[in-house]
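This report describes a protein chain from its fold down to its side-chain pairings. Please consult the sequence and the structure shown here while reading.

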Amino acid sequence: MTTRRAESNQLRSQVFGAEMSSAQFWLALQAGLAVTVVFVAVYVGYSVVKYLRGAIIKDDTNAADLTLNIDEMRREGDISEAEFRSLRSVLGKTQSSGLSGDRHAK
């Protein structure tokens, strides 16, 4: 057992460049593991947010769908006739500039 401990101490001193007690070694090991766990948690969180944002953002909205939606809102009284005309005007400009439906296409 003493030989094994001596070998362990020798290995630690070779790796860390100085004599290190067992308590210091375990503290350094725990700190390294804690940092690794934090990095893994951040990566997993980033991946989840990226996945959820991709699932929420839709690229399939086109001018025809928007026209139907604002027409339905006008019929149900959610928007006034003036607001409806204004939205149709803006939507018409979007359609004529060629941006409708293909804004997010790559």
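## Overall architecture

Along its sequence, the protein chain follows the pattern α-α-α-α. It has four helices and zero strands, where helices (H or I, at least four residues) and strands (E, at least two) are DSSP runs numbered from the N terminus. The model is predicted, so that local features need pLDDT of at least 70 and side-chain atom pairs count only at pLDDT 80 or more, while totals for chains, interfaces and linings use all residues. Residues are numbered from 1 along each chain as its sequence is written, and side-chain values use heavy atoms, with hydrogens and water left out.

Of the 106 residues of the protein chain, 8% count as buried; buried means under 20% relative accessible area, exposed over 50%, and partly exposed in between (1.4 Å probe, protein chains only). The accessible surface of the chain comes to about 9000 Å², and carbon and sulfur atoms account for 60% of this surface. Such areas come from the Shrake-Rupley method with a 1.4 Å probe, and for residues only the protein chains shown count as cover. Among contacts (heavy atoms within 4.5 Å) between residues at least 6 apart in sequence, 30% join residues at least 24 apart.

## Confidence of the model

The mean pLDDT of the protein chain is 79, and 76% of its residues reach 70 or more; pLDDT is the predictor's confidence in each residue, from 0 to 100. Among the elements, helix 2 has the highest mean pLDDT (91), whereas helix 1 (residues 2-16) has the lowest (73). Over residues 99-106 the pLDDT is below 50, and this stretch has eight contacts in the model beyond near neighbours in sequence.

## Nonpolar core

The largest nonpolar core consists of five residues: A63, I70, I79, F84 and L91. Helix 3 (63-75) and helix 4 (81-96) each supply at least two residues of this core. The term denotes a set of buried Ala, Val, Leu, Ile, Met, Phe, Trp, Tyr and Cys residues joined through side-chain atoms within 4.5 Å. In soluble globular proteins, nonpolar side chains tend to be buried together.

With residues up to four places away in sequence not counted, F84 touches I70, D71, R74 and I79. T67 is placed in helix 3 and counts as buried, at 19% relative accessibility. By the same sequence criterion, T67 touches R88 and L91.

## Salt-bridge network

Three salt bridges are found in a search of the whole structure, each being a side-chain nitrogen of Lys or Arg within 4 Å of a carboxyl oxygen of Asp or Glu. Side chains of opposite charge can pair when their charged atoms come close. D71 pairs with R74, with the closest N and O atoms 2.6 Å apart; both residues lie in helix 3, three residues apart, about one turn of the helix. D71 also meets R75 in a salt bridge (3.9 Å, N to O), and these two residues, four apart in helix 3, are separated by about one helical turn.

R74 forms a further salt bridge with E81, at 3.7 Å between the closest N and O atoms. Through shared partners, the salt bridges join D71, R74, R75 and E81 into one network. Within this network, R74 is partly exposed at 29% relative accessibility, E81 is partly exposed at 39%, and R75 is exposed at 57%.

## Nonpolar surface patch

V40, Y43, V44, Y46, V48, Y51, L52, I56 and I57 form a nonpolar patch on the surface, together presenting about 1000 Å² of accessible area. Patches are made of residues with over 30% relative accessible area and no salt bridge; like charges are joined within 9 Å, and nonpolar side chains (Val, Leu, Ile, Met, Phe, Trp, Tyr) within 5 Å. One of the patch residues, Y43, lies in helix 2 (residues 22-56) and counts as exposed at 56% relative accessibility.
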